[in-house]
Amino acid sequence: MKRRPLTGRGWGCLLSGVLLMLAANIVSARPLLYLGVLLLALPLICLMIVRVPRRRGEVRRQISTDLLAVGETSRVQVRFDLWAFGVPNGIWHDTLPSAVRGEATGAYPQDALRYDLEGVRRGISTLGPLMLRTTDPFGLAQREQAFGDTRTITVIPQTVALDPLPTKVGAAGGTAQTRSTRIGQGADNLIPRPYAAGDSRRRIHWRATAHRGSLMVRQEEEEASPDAMVVLDRAADRWDRPGEEPDPLFESAVTLCASVALRLAQDGYSVDVVDSSGNALGALRGHEEDRDDLMIALAMVAPRGESHDLRSVVGSTPPGPLVLITGHLPDEDAEKLSTAGAAAPLLFAAEASDDAMTTVREHGWRPAQLPSSTVDLADAWASVLPFSTVSHV
């Protein structure tokens, strides 16, 4: 909100000056006229004092964590170098996006410029600019000025701790393949390069993409069939989007997607995370940046597009654990939902009838209701364990 050049006290001073000058003319009292002129002139003089001096400043922010998770708190240190005539006194505040919240304000120059941020909504947004509001010694005039550039902040999905799988299953013989059998011909070189036509979307380097603003891919990466796959069905007709507020069930689905992928990676699987159109959201292959790339991709994911047949998403080689996270599951879609030959198919649906749940169970899935609260996700995950390693088609 843009502030007016005069404070409430300043406008009161101007009004008092006008009234005194009118009274002086009515009662012919010269002292009242002098006082009225003084009260009229004082706010204008104060306005010149605060607005005429030129000021420029440089702002640098240091955030304690590069990726801020929903519900997580991070400390922001702000260095503000101000070049001005004298040291003005006032109030500073940093401009915060809706994705975070915090008390980013204080007295200047008395208070240190630092504050705590809490992630409240996933996404990529910006902090800043830094605003400085100063007043004259009488508090009649004010000036608010923006300083410095903005700083990008990424709020990633919250993750919850999940129980490990009771048995280790895979695409070959019912057991997970070892690391050496998964390695393809690619070298372990993670230098990103611009995306070119024909590149696999599973090689997108999400951290470099977010940093440069254009699609980047890994120069080299291990190419192999995944041992596990997590599918996030983000088809628009599966989810409710009331206004501009995020759908709590979709947010729960994204949290479960991230948590399951990390859980499977901890259990020793090579994990691919894709959406229901087959677009890659991330891959966990044991590289240090894999987790961050996946989290950045999930920070930006939103309901869109249409669902596709699961067999076309999984590919010709079915994985061991296959986790499908979807929203509204109609009965007719449940009839066509195949496990694609996965050794351990798990399904989480935000909304499904008893008949739909029975149908997918008969097709080989172990289904569970997707809770709207993230605190219940661990229980929902535990409800599908243990599972049989017998594959179904």
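A residue is called buried when its relative accessible area is under 20%, and exposed when that area is over 50%. The exercises below apply this to a predicted model.

**Exercise 1. Decide whether Arg-61 is buried or exposed, and find which side chain it meets in a salt bridge.**

Step 1. Begin by placing the residue: Arg-61 belongs to strand β1, which covers residues 56-63.

Step 2. The relative accessible area of Arg-61 is 11%, and because buried means under 20%, Arg-61 is buried.

Step 3. Now turn to the partner. The side chain of Arg-61 meets that of Asp-94 in a salt bridge, with 2.8 Å from N to O. Since Arg-61 sits in strand β1 and Asp-94 in strand β4 (residues 90-94), the pair ties together parts that are 33 residues apart in sequence.

Step 4. Apply the cut-off to the partner as well: Asp-94 has a relative accessibility of 4%, so Asp-94 also counts as buried.

Step 5. The side chain of Arg-61 also reaches the backbone oxygen of Asp-149, at 2.8 Å. When neighbours within four places in sequence are left aside, the residues in contact with Arg-61 include Val-76, Leu-127, Pro-129 and Thr-150.

**Exercise 2. Describe the surroundings of Asp-233, and say which residues its side chain reaches through polar contacts or a salt bridge.**

Step 1. Asp-233 is found in the loop between strand β14 (228-232) and helix α5.

Step 2. With a relative accessible area of 4%, Asp-233 is buried.

Step 3. Its side chain reaches the backbone nitrogen of Ala-235 at 3.2 Å, and it makes a polar contact with the side chain of Ser-276 at 2.9 Å.

Step 4. The side chains of Arg-238 and Asp-233 meet in a salt bridge of 3.1 Å, N to O, and both of these residues are buried.

Step 5. Apart from neighbours within four places in sequence, Asp-233 is in contact with several residues, among them Trp-239, Ser-307 and Ile-325.

**Exercise 3. Find how many salt bridges there are, and which residues are linked in a network of them.**

Step 1. As background, side chains of opposite charge can pair when their charged atoms come close.

Step 2. When the cut-off is a side-chain nitrogen of Lys or Arg within 4 Å of a carboxyl oxygen of Asp or Glu, the count comes to 13 salt bridges.

Step 3. One of the pairs is formed by the side chains of Arg-79 and Asp-81, at 3.5 Å from N to O. These two residues are linked with Glu-58 and Arg-60 in a network of salt bridges.

**Exercise 4. Work out how many residues the largest nonpolar core has, and which helix gives the most to it.**

Step 1. In soluble globular proteins, nonpolar side chains tend to be buried together.

Step 2. The largest nonpolar core here has 46 residues, and those with the most contacts inside it are Val-230, Ile-325 and Phe-348. Helix α5, which covers residues 248-266, gives the most to this core, with 10 residues.

Step 3. Take Ile-325 as an example: not counting residues up to four places away in sequence, it touches Val-230, Leu-256, Cys-257, Phe-348 and Leu-370, among others. A second, separate core has 21 residues, including Phe-80, Leu-113, Tyr-115 and Val-155.

Step 4. For contrast, look at the surface, where Leu-15, Val-18, Leu-19 and Leu-22 make a nonpolar patch of about 370 Å². Leu-15 lies in helix α1, residues 8-27, and is exposed, with a relative accessible area of 53%.

**Exercise 5. Locate the cis peptide bonds before Pro-109 and Pro-129, and then decide whether Ser-28 and Ala-340 are buried or exposed.**

Step 1. The peptide bond from Tyr-108 to Pro-109 is cis, with omega near 5°, and Pro-109 lies in the loop between β6 (105-108) and β7 (114-119).

Step 2. The bond from Gly-128 to Pro-129 is likewise cis, with omega near 5°, and Pro-129 lies in the loop between β8 (123-127) and β9 (130-135).

Step 3. Ser-28 is not a glycine, yet its phi is positive, near 55°. Ser-28 is found in the loop between α1 and α2 (30-51), and is exposed at 65% relative accessible area.

Step 4. Ala-340 has a positive phi of about 60° without being a glycine. Ala-340 is found in the loop between α8 (331-336) and β18 (344-352), and at 8% relative accessibility Ala-340 counts as buried.

Note on methods. Residues numbered from 1 in each chain as written. Predicted model: local features only at pLDDT ≥ 70, side-chain atom pairs only at ≥ 80, totals over all residues. Heavy atoms only, no water. Patch = residues over 30% accessible without salt bridge, like charges linked within 9 Å, V, L, I, M, F, W, Y side chains within 5 Å. Areas by Shrake-Rupley, 256 points an atom, 1.4 Å probe, with all protein chains shown as cover. Helix = DSSP H or I, 4+ residues; strand = E, 2+ residues; numbered from the N terminus. Buried < 20%, exposed > 50% of the residue type's maximum accessible area, 1.4 Å probe, protein only. Polar contact = N/O pair within 3.5 Å; in protein donor to acceptor, adjacent residues only side chain to side chain. Contact = heavy atoms within 4.5 Å. Core = buried A, V, L, I, M, F, W, Y, C linked by side-chain atoms within 4.5 Å.
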